[in-house]
Structure formats: structure tokens, C-alpha cells
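Me: I've got a model to go through with you. Can you take my questions one by one?

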Amino acid sequence: MSVGSRVRRVAVIAAPPVSMFNLAIPEMLFGKVEIDGGPGYETVICTPDPGPVTTTGGLDLVVPHGLEAVEGADTVILAGSGAYEDPDPRVLDVLRASAGDGKRIASICTGAFALAEAGLLDGRAATTYWAYRPLLAARHPAVDLQDDVLFVQDGPVLTSSGYAAGIDLCLHVIRTDHGAAVANAVARLALVAPVRPGGQTQFTQTPLPPERGVSFADTRAWAMEHLDEPLGLTDLARHAGVSVRTLSRRFHAETGVSPLQWLLHQRVERAKELLETTSLAMDQVARASGLGSADSLRQHVLRRTGLTPSAYRSSFNRLTGAVAP
């Protein structure tokens with residue numbers, strides 16, 4: 001049986017007044033996951049008082065499910081709410097019970113305040129929307145608040161910054177459950193970027209810096225098409241039409257990582273996707289992804305995932321006997 005063959009249940013808690021955008025992200029992304037011809041997730045939205053739920057945009061949404069929907073969930077996601085300073089005690093009780101049951105728990109934007117109030121972030125790395133970080137830090141000094149990151153995973157608890165960072169968090173969850181190929185396919189269907197680089201790995205707690213611009217977007221796209229070639233700083237700078245020094249400075253300002261760190265991240269992601277979707281030998285995967293040798297492939301995949309390439313393939317490969325295009 002493949003890793004993702006079981007349908008996983010995701011419960012999204014809408015605490016009024018809820019952010020409509022936050023609420024839409026999990027359903028949009030998890031609903032696009034297809035595994036072996038069937039859905040990979042069942043997403044249910046719930047709220048403390050079923051029925052009309054107010055939103056931060058002034059509209060009402062009808063949510064028919066109460067918090068009992070959380071009981072059967074594998075993952076619980078708390079959407080951002082305008083009532084972040086005074087979270088509903090019933091939501092806090094459900095979060096504590098979910099943590100006690102070993103469920104994966106996540107928040108988008110201001111949802112982190114309720115996780116902190118429930119005591120789930122004490123001693124953990126966490127984040128929230130940048131404008132609210134000072135308040136979260138003041139109210140909950142036991143939280144190891146991370147600045148300038150899209151999302152953070154610390155054990156079974158994940159928190160994201162605001163708005164579109166919730167997309168990155170959900171793609172990370174999909175990647176963790178089903179591998180890079182599935183997460184990248186979902187990103188393409190949703191017309192969003194795949195997991196952005198910066199050290200965030202599938203099984204670690206490393207925070208992911210946000211991209212802050214798009215001036216080198218064409219160069220990054222070009223590099224993605226030439227990952228199997230021995231690209232270096234000079235090649236990237238030549239394509240971008242700037243000096244190596246300018247490339248390094250501006251690239252880091254845009255993405256939060258150096259050009260070579262970004263390149264390595266993309267090569268490892270390409271290698272993971274090839275391990276999942278082809279039966280190429282390890283040295284072929286290494287060459288096709290630009291990692292050079294099977295030893296280098298092993299080193300980088302093990303560092304990023306905690307698994308050897310063969311173990312990673314065994315866990316996530318769904319196309320046994322497939323041949324690389």
C-alpha cells in the first residue's frame with residue numbers, strides 16, 4: 001500500500017469573524033489532491049456554533065458542522081480570526097484535546113493566538129502575520145517567535161504568517177503526506193508556486209524565508225529548465241544581465257537565500273520528484289537533477305528528508321516501473 005492511499009481528514013475551524021481567504025485555502029489545495037484515482041483528503045469546515053458565521057469582510061457564511069467534526073480528523077487547521085485577542089474557550093478546549101490525541105495542528109495568520117492561548121506553542125518555534133508578531137510576543141513570551149518566515153513546523157504543530165503563506169503551509173502538509181510530485185501537481189492546478197526555497201525540509205523544523213520580489217523570476221525559470229547542467233553564479237548572472245555581486249545581493253533580498261542555496265534546493269526537489277515518478281537508477285537521478293553523483297544525491301536527500309534516496313523512493317513512489325520522459 002502506498003503512503004498516501006488512505007483518505008486523510010482535515011478539519012478547518014472557522015472562529016468568527018473568520019477570514020474568508022484563510023478559510024478557502026485548505027479546501028482549495030487539499031481538494032485538488034488525487035491519489036490512485038481517488039481523493040487524498042476529506043476537508044470539513046466547522047465552527048463553535050453551526051449556522052451563519054460572520055467574516056472579517058462583513059459577509060456571513062453558513063457552516064453546518066460543529067466542533068465535533070474535529071474528533072475524526074488527522075489534521076486540525078485554525079483559520080485566522082478577527083477575534084484573535086479573545087479566542088473562544090470551546091475552540092481552546094478542542095485544540096488541547098486534539099493535541100492530546102496526537103493530531104497534527106496548524107494555524108493560518110492570527111490563528112496562532114489561539115494555539116498560544118491553548119498552551120500549544122509554549123517552548124515551540126512559531127510565527128504569525130508580521131503586523132501581529134509584537135502583540136503575540138508580548139502576550140505569550142514562552143513562544144519561540146520566528147521573524148520573517150512564511151511558516152514554521154515544530155513537531156506536530158505548524159504556524160504560518162498571513163494570507164498567501166497559508167498556501168505554503170498547506171503545500172508543505174501535502175508534501176509531507178504524499179511527496180513532492182503530488183504537492184507540485186497541486187500547486188500547478190491551483191496556479192500557485194510550489195514550495196518556496198530556503199531550507200524548509202519535509203521532516204525538519206527549519207523556517208522558510210519569504211520571497212520579496214520577482215525581478216529575477218525569468219532567470220529562476222531559466223535555471224529550472226537547466227538544472228541538469230553545471231550552473232554557477234556566473235551563468236545565472238550572465239542570464240540576468242548583471243554582475244555576480246549584484247546578482248548575489250538582489251537575489252538574496254528577493255528570496256531570502258543565496259543563488260547557490262536556491263539552486264541546490266531546486267535540484268534536491270527535482271531529485272525527489274524523479275525518485276517518486278520514475279525508476280531511474282540513482283546515478284541517473286543524480287545527473288538529471290544536477291547533483292552529479294549517487295553519493296551526492298544520497299547526502300543531500302538524507303539531509304533534507306531524513307531518508308536515503310532508496311528509502312524515500314520506497315515511501316513515495318507510485319509509478320513502479322515508470323521511465324523518465
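Reply: Let's start with C109, which sits in the loop between β8 (104-107) and α3 (111-117). Helices (H or I, at least four residues) and strands (E, at least two) are DSSP runs, numbered from the N terminus. The model is predicted: local features need pLDDT of at least 70, side-chain atom pairs count only at pLDDT 80 or more, and totals for chains, interfaces and linings use all residues. Residues are numbered from 1 along each chain as its sequence is written, and side-chain values use heavy atoms, with hydrogens and water left out.

Me: What is phi of C109 near?

Reply: Phi is near 60° there, a positive value in a residue other than glycine. Most residues other than glycine have a negative phi.

Me: Is C109 buried or exposed?

Reply: C109 counts as buried, because its relative accessibility is 8%. Buried means under 20% relative accessible area, exposed over 50%, partly exposed in between (1.4 Å probe, protein chains only).

Me: Which residue other than C109 has a positive phi although it is not a glycine?

Reply: D36, with phi of about 50°. D36 is in the loop between β2 (34-35) and β3 (38-39). At 57% relative accessibility, D36 counts as exposed.

Me: And which peptide bond is cis?

Reply: The one from P16 to P17, with omega near -10°. P17 lies in the loop between β1 and α1.

Me: Back to C109. What lines the second largest pocket?

Reply: C109 is one of the lining residues, and others include S19, N22, T56, Y84, T110 and Y163. By class, the lining has five nonpolar, seven polar and no charged residues. Ala, Val, Leu, Ile, Met, Phe, Trp, Tyr, Cys and Pro count as nonpolar, Asp, Glu, Lys and Arg as charged, and the others, Gly among them, as polar.

Me: How much space lies in that pocket?

Reply: About 160 Å³. A pocket is an open set of points on a 1 Å grid over the protein atoms alone, where a 1.4 Å probe fits, with protein on both sides within 12 Å along at least five of seven lines; lining residues have an atom within 4 Å of a point. The volume is the space filled by probe spheres set on the points, which are joined across faces, edges and corners.

Me: New topic. Which residues have the most contacts inside the largest nonpolar core?

Reply: L29, F30, I77 and I174, in a core of 34 residues. The largest share, seven residues, comes from α5. A nonpolar core is a set of buried Ala, Val, Leu, Ile, Met, Phe, Trp, Tyr and Cys residues joined through side-chain atoms within 4.5 Å.

Me: What does F30 touch?

Reply: Leaving out residues up to four places away in sequence, F30 touches V10, Y41, T43, I77, C170, V173 and I174. Contact means heavy atoms within 4.5 Å.

Me: Where is V143?

Reply: V143 is in the loop between α4 (133-139) and β10 (144-145). V143 is buried, with a relative accessible area of 9%. Beyond its neighbours within four places in sequence, V143 is in contact with A116, L121, R124 and A126.

Me: Last one. How do β5 and β6 pair?

Reply: Strand β5 (residues 51-54) and strand β6 (residues 60-63) pair in the antiparallel sense over four bridges. Two strands pair if DSSP finds at least two bridges between them. P52 stands opposite V62 in β6. The hairpin has five residues between the strands, and G58 takes a positive phi near 90°.
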